[in-house]
Amino acid sequence: MAMLKLSLAFHVLAFVLFLCFTMSTGSYQYFQFVQQWPPTTCAVSKQPCYQNPPSIFTIHGLWPSNYSKKAWVANCTRTRFNNSLAPKLEAKLKISWPNVENANYTEFWEREWNKHGTCSEQTLDQEEYFQRSHDIWNAYNITNILKKANILPNGAIWNYSDIVSPIKTVTRKMPALRCKPDPTKPKNHKISHQLLHEVVLCLHYKGRALIDCNRTACDNNLKILFQ
Ligand code: AMP
């Protein structure tokens, strides 16, 4: 009986320690690598963009995520953004991960690191987090993949599967799309489409191998406008 109690106490203690560990470091199961179409970011943004947005898919963020209902984990540790990225990496990020809302490019990186990056710090430190994001962006050029499939930002309307299919062919894994309501349509207007905003690639916990994504942020019943 004493042994049983001891064993039970040991298991409870181990569980409590595990809970403390995951709560302090932030736990996640996989990454969502989110690339955005900046003209849509600007079209839906509350504040106007400070200049014409680039017409290439750029990074929004690398988000440690869980399969449970909430799409991602956030604000996990007190580590704050340290403005000390290697100058070579900074120069690359200005192209792959631009701030489209204002000219302060580090402000967007800072927000993304503090909110998302801190949740995968046990896997990628700050420099690795930004370097890895740039490398994934470079490895899977969504702009080119869609261009080769004749999916161009010309105002044509697509089915969800039309857009994910060429990306899946190249990456061999299921991507996910994120869409936004068209802000030019009045609220009570009979809406027939949504705007293509973001393309998500999902990655294994370590942030290297791609895996299938299993959630979308588009309305299944609406077609998708790419402009
Ligand atoms: P998140 O908190 O990572 O979901 O990011 C959402 C916020 O990021 C929103 O307030 C957007 O306006 C902002 N945002 C998204 N993309 C950009 C961008 N390229 N530059 C600046 N802000 C952005």
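In the predicted model, the largest share of the shell around the ligand is contributed by α4, which supplies 4 residues. The elements that give two or more residues to this shell are α4, spanning 105-115, and β2, spanning 58-65. By residue class, the shell divides into 4 nonpolar, 5 polar and 4 charged residues. Of the 13 residues around the ligand, those that come nearest are Gln36, His60, Glu101, Glu112 and Lys115.

Polar contacts to the ligand involve both side-chain and backbone atoms of the protein. His60, which is found in strand β2, places a polar side-chain atom 2.9 Å from an oxygen atom of the ligand. Nitrogen atoms of the ligand are also approached, with a polar side-chain atom of Asn99 lying 3.2 Å from a ligand nitrogen and a backbone N or O atom of Pro98 lying 3.2 Å from a ligand nitrogen. The ligand taken alone exposes 500 Å², and 77% of that area is buried by the protein. The space that the ligand takes is the largest pocket.

Annotation from the record can be set beside this geometry. In the unreviewed UniProt entry, the annotation "active site" covers His60, Glu112 and His116. Although these residues are spread over 57 residues of sequence, they cluster in space, with a largest C-alpha distance of 10.9 Å. Among the residues so annotated, His60, Glu112 and His116 are included in the lining of the largest pocket, the space taken by the ligand. His60 and Glu112 are, in addition, among the residues that come nearest to the ligand.

Note on methods: Residues are numbered from 1 along each chain as its sequence is written. This is a predicted model: local features need pLDDT of at least 70, side-chain atom pairs count only at pLDDT 80 or more; totals for chains, interfaces and linings use all residues. Side-chain values use heavy atoms; hydrogens and water are left out. A residue is near a molecule or strand if one of its heavy atoms lies within 4 Å of it. A polar contact is a pair of N or O atoms within 3.5 Å; within protein, one must be able to donate a hydrogen and the other to accept it, and residues adjacent in sequence count only if both atoms are side-chain atoms. Accessible areas come from the Shrake-Rupley method with a 1.4 Å probe; for residues, only the protein chains shown count as cover. On a 1 Å grid over the protein atoms alone, a cavity is a set of points where a 1.4 Å probe fits but cannot get out, and a pocket is an open set with protein on both sides within 12 Å along at least five of seven lines; lining residues have an atom within 4 Å of a point. A molecule sits in a cavity or pocket if more than half of its atoms lie within 2 Å of its grid points. Ala, Val, Leu, Ile, Met, Phe, Trp, Tyr, Cys and Pro count as nonpolar, Asp, Glu, Lys and Arg as charged, and the others, Gly among them, as polar. UniProt positions are given in the numbering used here, feature names are shortened, and annotations may be inferred rather than shown by experiment.
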